[in-house]
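Work through the exercises below with the model open. Try each task before reading its solution.

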Amino acid sequence: MKDHPPNNSDETSGNREAEVVLSASAPGKRRSKAEVVSEDNHASHREELHDRKIEQLRQMFDRHKGNRHLILLQDFPDPDALSSAWAYKLIAEQYDIQCEMIYAGALSHQENIALVKLTGLPLQRWTLEMTKTKDLSAYQGCVFIDNQGTTCNLTEFILGAGVPIAAVIDHHSLQGEMNADFTDLRPEIRATATIFTEYLQAGMLTLDGNVSQHVKCATALMHGLRSDTNALRQAEEEDFLAAAYLSRFYDPQLLNAVLQSSRSKWVMDAIERSLKHRILQNNFSIAGIGYLRYDDRDSIPQAADFLVTEENVHTAVVYGIVHDKDEEIEVVIGSLRTNKLTLDPDEFIKEAFGQDAQGRFFGGGRSQAGGFEIPVGFLSGGNENSDYARHKWEVFDAKIKHKLLNLISPKDNPVYDH
Ligand SMILES: [Mn+2]
């Protein structure tokens with residue numbers, strides 16, 4: 001009983017509570033019968049669901065034999081998306097389904113660039129302009145992985161061209177109904193890579209340690225599930241089990257090489273700006289960092305990752321205007337990171353920013369992280385006039401701060417609202 005935390009040493013708090021604490025801190029300790037039974041029920045229910053999903057996935061692939069699929073990634077794909085899409089492609093190949101993995105934005109994070117280069121990950125960039133010149137009737141299905149189309153610039157065009165949705169496989173909360181042939185949405189799972197590793201384990205693809213592509217894909221999945229679980233610190237049982245399975249196939253040296261890629265100067269600059277401009281309110285740290293190049297978009301979540309490490313801060317929000325000179329695209333991109341267990345990033349972002357004219361949210365999240373994108377639209381471009389650029393930034397900055405602060409410390413009395 002010595003290893004009880006002090007606040008549980010109170011004998012009157014009951015055995016059950018004490019047992020739970022023990023079983024969490026000392027694995028292998030006996031649990032109460034009721035706990036074991038309820039956990040077993042839970043596990044078997046989950047297994048049943050799991051088996052049914054695998055069967056549905058098999059049937060979907062069977063129905064699509066010989067087809068071509070377009071796998072749509074978010075505009076700024078992360079390791080979880082990249083690796084999961086690759087696993088989908090490898091599984092689909094067994095059903096004679098050829099897949100193209102496409103994204104419309106930029107590979108921005110230094111680790112993602114390294115991952116793609118070092119593994120030879122088969123990824124293609126299709127801008128909206130390019131996509132408009134493609135013969136989309138060659139594709140009998142499109143697939144959304146680690147996203148539900150809301151963070152992908154091509155969604156509207158590709159669905160508008162009549163390409164049916166073959167599959168949606170994601171761990172973000174539901175962003176709106178999608179009419180897909182196969183759906184596996186599991187917001188309770190920390191990484192899409194975990195879902196795909198479960199597919200592999202269930203026999204959808206037999207990994208072979210002698211096949212270089214399998215080793216590289218397993219390494220990518222390991223990286224994907226690590227990066228979505230904060231290097232396994234937020235991993236749950238499923239993620240650990242998936243990591244354990246991947247450990248038989250992945251290449252630790254390759255993973256190390258990916259993780260050792262260094263931060264670009266632009267990322268360092270963004271972190272500096274976020275430190276300089278952050279405001280602290282009710283344990284939130286909020287920083288607007290002005291304009292960023294399109295290619296540096298991923299410095300925003302990296303800055304948020306850094307701000308949330310400050311003492312007494314539980315949640316950080318960093319945002320900026322990302323602009324693409326070639327295409328005159330401008331969009332406000334924001335990232336939220338939180339250590340606060342009771343804060344749901346998905347709810348927070350949806351509540352803070354609401355919906356656009358089409359009823360779509362500006363973003364959402366998963367456990368402990370979230371993002372939002374607000375189109376600059378009509379006000380885009382014209383930044384060669386520095387006064388105009390500054391005014392534009394100030395307006396967006398003020399509006400976003402206002403919306404965030406409203407939620408963080410709501411003031412009921414409008415008289416004191418300023
Ligand atoms: Mn993910």
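Three exercises follow, on helix length, burial and strand pairing.

This is a predicted model: local features need pLDDT of at least 70, side-chain atom pairs count only at pLDDT 80 or more, and totals for chains, interfaces and linings use all residues. Residues are numbered from 1 along each chain as its sequence is written.

**Exercise 1.** Compare the end-to-end spans of H3 and H7 with the expected values.

*Solution.* Helices are DSSP runs (H or I, at least four residues), strands likewise (E, at least two), numbered from the N terminus. The expected span is 1.5 Å times one less than the number of residues. Take H3, residues 79–93: its 15 residues should span 21 Å, and its end C-alpha atoms are 21 Å apart, so the two agree. Now take H7, residues 192–204: a straight helix of its 13 residues would reach 18 Å, but its end C-alpha atoms are only 16 Å apart.

**Exercise 2.** How many residues of H7 are buried?

*Solution.* Apply the cut-offs: buried means 20 or more other C-beta atoms within 10 Å of the residue's own, with C-beta atoms placed from the backbone. Ten of the 13 residues in H7 pass. Among them are Phe196, Tyr199 and Met204. In H3, 13 of 15 residues are buried.

**Exercise 3.** Which strands pair with E10?

*Solution.* Pairing needs at least two DSSP bridges between two strands. E9 (residues 315–324) joins E10 through ten bridges, antiparallel. Valine 322 has valine 331 of E10 as its bridge partner. E12 (residues 369–375) joins E10 through seven bridges, also antiparallel. Here arginine 337 stands opposite alanine 369. Finally, check burial: ten of the ten residues of E10 (residues 329–338) are buried.

Methods. Buried ≥ 20, exposed ≤ 12 C-beta atoms within 10 Å, placed from the backbone.
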